[in-house]
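User: Please take a close look at how the pieces of this chain pack and pair. I am new to it, so go step by step.

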Amino acid sequence: MTQQSQTVHIDLGDRSYPIVIAADLLARSSTYAQCPPAAQALIVTNSTVQPLYAAQLKAALESKYQQVHTVVLPDGEAHKDWQTLNLIFDGLLSKGCDRKTVLFALGGGVVGDMTGFAAASYMRGVPFVQVPTTLLSQVDSSVGGKTAINHPLGKNMIGAFYQPQLVVCDLASLDTLPAREVSAGLAEIIKYGPIADMEFFEWLEAHMDALRSLEPAALMHAVKRSVEIKAWVVGQDEKEAGLRAILNFGHTFGHAIEAGMGYGNWLHGEGVGAGMVMAAHLSQRLGLVDASFVDRLTLLIARAGLPTRGAVIDATDNAGAYLEHMRVDKKAQAGEIRFVLIDGLGNATMRSAPDSLVREVIDACCMQGVGIQG
C-alpha cells in the first residue's frame with residue numbers, strides 16, 4: 001500500500017504542530033526528523049501493541065536519540081488510572097530522564113491520554129509525540145491536547161490540556177485492529193458530519209462498507225477530513241471554553257454508559273455510538289431536528305457495527321443512574337447537565353433539557369438494551 005502522505009496543521013501559535021497521515025510512517029526515521037532533540041526518548045505502549053510495533057518505532061528513533069527506553073502498560077480502559085500512570089513516572093525516574101526527554105505515545109486513546117498527562121506532569125512538562133495505532137485515536141483523541149485519567153465517579157476527570165509536538169497517523173497500523181475496534185473508531189468519524197459537515201456525512205453513507213473493510217483511499221479521506229474538522233475547532237477553542245464542546249456529541253450519554261457498565265466493558269466508541277442516537281432523539285424531542293434525521297443517523301451507526309441502544313446500567317432506575325453519572329460530566333454546570341444537540345443538520349449547540357424529557361429519551365433508547373447490540 002503506497003500513498004502520498006497528507007499533513008494537517010493545527011494552528012495554536014507557538015504550540016502549533018502537524019498531523020501527518022499515510023501508510024507505513026511509523027517505522028521511518030524521517031518521520032521524526034523535526035522532533036525535539038534530546039539524549040533520551042521513552043516509548044509508552046501497552047501489552048497488545050508492544051509486540052506489534054514497539055521494535056519498529058524504537059529502531060526508527062535510535063538514529064536520533066542516544067537511548068530509547070520502553071514502558072509497557074496493561075491494556076484497556078480499566079487501567080486508565082493513577083496506578084498505571086505511575087508506571088510511566090517509574091520508568092522516567094528509574095532511567096534518569098531529564099526535562100528534555102521526549103515521550104512517544106504508541107497505542108490507542110488510553111495510551112495517548114496517559115502519556116500526554118505524564119508528559120504534562122513530569123518535571124512540570126516534557127515534550128511528547130502521539131503515534132496513534134487505533135482508528136479512534138487517529139481521528140480524535142491524539143489531536144487537540146486533551147490528556148487525562150479516569151476516576152471511578154467519572155471519565156477523564158483528572159487531566160490537563162497539553163499539546164503534542166507531532167501526531168503520526170500510520171494507516172497501515174490499522175490493519176491489525178479487531179473489527180470491534182474499527183467500529184469504535186467509526187463512531188468518532190460519524191460524529192463530525194452532524195456537528196459540522198453534512199457533505200462528509202453523505203460521503204460516509206456512501207463509503208461505510210469500504211471503511212469497515214479498511215480500504216486505503218476511503219481511510220485516508222475519512223481520517224484526513226475528521227482531523228481537519230477537529231483541528232479547525234481546537235484552533236478556535238483550545239481549552240473547551242465554548243465551541244470545542246461540540247466535539248462531545250453523544251459523549252455525555254456515552255460516558256455514562258462507560259462508567260455505569262465499568263470501564264472497558266463497552267468501548268468508548270460503542271458508548272458514543274449509542275450516545276449519538278440518544279442525543280439525536282433528545283434533539284428531536286426539543287424540536288431541533290426531525291425524525292427522518294434520527295432514523296438516518298441511527299442507520300449509519302448500525303451500519304458501522306455499533307450499538308444503537310444504550311445499556312441498562314441499573315435495572316431498578318436506569319434513567320436515574322444515567323442522570324447521576326451525567327451530573328459529574330465535565331460539561332455540567334452547577335449540577336445542570338449540558339448536552340451537545342443537533343440544531344439543524346451540520347450544526348451543533350449546547351443545551352440543557354428537563355430531567356423528565358431526558359428520562360423519556362433514556363427509557364425509549366435503552367429498552368431491551370442490556371448489552372452491546374447493533
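Analyst: Helices and strands here are DSSP runs, numbered from the N terminus; a helix has at least four residues and a strand at least two. With those names, Arg309 can be placed: the loop between helix H10 (291-303) and H11 holds this residue. Note that the model is predicted.

Stay with Arg309 for a moment. Its relative accessibility is 29%, so Arg309 counts as partly exposed. Along the sequence, 38 residues separate Arg309 from Gly271. In space, their C-alpha atoms are 9.4 Å apart.

Now to helix H9, which spans residues 268-285. How is the packing of two helices described? The angle between their axes and the distance between those axes do the job. For H9 and H12, the angle is about 135° and the axes are 10 Å apart. Angles over 145 degrees would count as roughly antiparallel, and 65 to 115 as roughly perpendicular. The angle for H9 and H12 fits neither group, so the two are oblique to each other. The crossing of H9 past H12 is right-handed.

H9 also takes part in a charged contact. Side chains of opposite charge can pair when their charged atoms come close. Glu270 and Arg180 make such a salt bridge, with 2.6 Å between the closest N and O atoms. Glu270 sits in H9 and Arg180 in helix H5, so the bridge ties together parts 90 residues apart in sequence. Are the two partners buried or exposed? Glu270 has 4% relative accessibility and therefore counts as buried. Arg180 has a relative accessible area of 39%, which makes Arg180 partly exposed.

H5 leads on to a second helix pair. Helix H5 covers residues 179-196, and helix H7 covers residues 216-236. These two pack with their axes 10 Å apart, at an angle of about 50°. That angle makes H5 oblique to H7. Which hand does the crossing of H5 and H7 have? The crossing is left-handed.

H7 has a salt bridge of its own. Arg225 pairs with Glu228, and their closest N and O atoms are 3.1 Å apart. Both residues belong to H7. They are three residues apart, which is about one turn of the helix. Arg225 has 26% relative accessibility and so counts as partly exposed. Glu228 is partly exposed too, at 26% relative accessibility.

Next comes H12, seen above beside H9. Asp355 and Arg327 join in a salt bridge with an N to O distance of 2.5 Å. This pair links distant parts of the chain, 28 residues apart. Asp355 lies in helix H12 (residues 355-366), while Arg327 lies in the loop between helix H11 (318-326) and strand E10 (339-342). Asp355 is partly exposed, with 33% relative accessibility. Arg327 is partly exposed as well, with a relative accessible area of 35%.

How many salt bridges does the whole structure hold? A full search finds 18. Some join into a network: Asp140, Glu188, Lys191 and Lys230 are linked in this way.

Loops need a look as well. Most residues other than glycine have a negative phi. Leu214 has a positive value instead, near 60°. Leu214 is placed in the loop between helix H6 (198-212) and H7. Its relative accessibility is 16%, and buried means under 20%, so Leu214 counts as buried.

Asp24 has a positive phi as well, near 65°. Its loop runs between strand E2 (17-22) and strand E3 (40-46). At 39% relative accessibility, Asp24 is partly exposed.

Last, the surface. Which residues make a nonpolar patch there? Leu153, Met157 and Val328 do, and the patch is about 240 Å². Leu153 belongs to the loop between strand E7 (146-151) and strand E8 (154-161). Leu153 counts as exposed because its relative accessibility is 57%, and the cut-off for exposed is over 50%.

To recap the packing: H9 with H12 is oblique and right-handed. The crossing of H5 and H7 is left-handed. The bridge from Glu270 to Arg180 ties H9 to H5.

Technical notes: Residues numbered from 1 in each chain as written. Predicted model: local features only at pLDDT ≥ 70, side-chain atom pairs only at ≥ 80, totals over all residues. Heavy atoms only, no water. Patch = residues over 30% accessible without salt bridge, like charges linked within 9 Å, V, L, I, M, F, W, Y side chains within 5 Å. Areas by Shrake-Rupley, 256 points an atom, 1.4 Å probe, with all protein chains shown as cover. Salt bridge = Lys/Arg side-chain N within 4 Å of Asp/Glu carboxyl O. Buried < 20%, exposed > 50% of the residue type's maximum accessible area, 1.4 Å probe, protein only. Axes fitted to C-alpha atoms, helices over the stretch in contact; angles between N-to-C directions. Parallel < 35°, antiparallel > 145°, perpendicular 65-115°, else oblique. Left-handed = near helix turned anticlockwise from the far one by under 90°.
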